[in-house]
Every structure is written in C-alpha cells, then in structure tokens.
Amino acid sequence: MDGDRTTRWASNASDNNPILTIIFKDTYSINQVVVNEFRNVTTGYVIEYLKAGTENEWIECSTGTGIGQTKVINDFGMVVAEGIRIKLSRNNTSSISLSE
C-alpha cells in the first residue's frame, strides 16, 4: 500500500465493517489480490474493483470468509481496474490490520 513492508493499515477498533480503498496511479489488469492479516479477526470480505474508464463504478469480483496470515484471492477473471476496495467484517473488539 505504501511500499513499506514494516507498516500496516488498521481499521478503527469501533468499526465492525471497515473498508480499505486503494486508488492506483495507473490502470492495471489484475486477476488476483493478496491480503496479509496481522491478527486473524476478519470473518468476511468483499472485493470490488473500480472499472477503468468510469468515474465511480465499483464492481464486486470476489467474496469470502476469513483472511488469515496470507490469502491469495484469485477466484475472478482478469479485470481492468483503476483501484480496488476491500470491505471487511469482524465479530470481536480487535481492529483489523492488513499489511503488504
């Protein structure tokens, strides 16, 4: 996310359904997302991509349960994207923390 493997993104501890949005500097063709969770607290996720050439058209491409230490999500075909958005859910009081 920031190019530094020693940092992580963390949700607000009071938010049970945080959203991580990453807007790319360029358009990319992608067919997988790799997510690393610091603590195993995620109970579900939805991944959407920002369709290239649109102003704000987010399209759902994958859903699932828990993430864990490393999750390779590749259950969707090649898409052309200007960004990705990961909608997360949890059921405890720990914040969700993701790293590169």
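Thr 54 sits in the loop that links β4 (42-51) with β5 (58-65). This is a predicted model, and that loop is a handy place to start. From there, the tour goes on to an open sheet of four strands and to a few contacts that involve aromatic rings.

**The loop around Thr 54**
- A polar atom in the side chain of Thr 54 lies 3.3 Å from the backbone nitrogen of Glu 57.
- Thr 54 and Glu 82 are 28 residues apart along the chain, and 8.8 Å separates their C-alpha atoms.

**The open sheet**
- The strand order is β1-β8-β3-β6, with antiparallel pairing.
- β1 (8-10) and β6 (71-73) are the edge strands; each has a single partner, so one side of each has no neighbour in the sheet.
- On average, neighbouring strands here are turned by 35 degrees against each other, ignoring direction.
- β1 and β8 (residues 97-99) run antiparallel and are joined by three bridges.
- If you would like to find this pairing on screen, look for Trp 9, whose bridge partner in β8 is Leu 98.

**Aromatic rings**
- The model has one aromatic pair by the rule used here.
- That pair is Phe 24 with Tyr 28: the ring centres are 5.4 Å apart and the planes stand at 90 degrees, which is over the 60-degree cut-off, so the arrangement is edge-to-face.
- Phe 24 is partly exposed, at 23% relative accessible area, and Tyr 28 is also partly exposed, at 42%.
- Elsewhere, Arg 8 places its charged end over the ring of Phe 38, 3.5 Å from the ring centre.

Note on methods: Residues numbered from 1 in each chain as written. Predicted model: local features only at pLDDT ≥ 70, side-chain atom pairs only at ≥ 80, totals over all residues. Heavy atoms only, no water. Pairing = 2+ DSSP bridges. Helix = DSSP H or I, 4+ residues; strand = E, 2+ residues; numbered from the N terminus. Axes fitted to C-alpha atoms, helices over the stretch in contact; angles between N-to-C directions. Polar contact = N/O pair within 3.5 Å; in protein donor to acceptor, adjacent residues only side chain to side chain. Phe/Tyr/Trp six-rings, centres within 6.5 Å; stacked < 30°, edge-to-face > 60°. Buried < 20%, exposed > 50% of the residue type's maximum accessible area, 1.4 Å probe, protein only. Lys NZ or Arg CZ within 6 Å of the ring centre and 35° of its normal.
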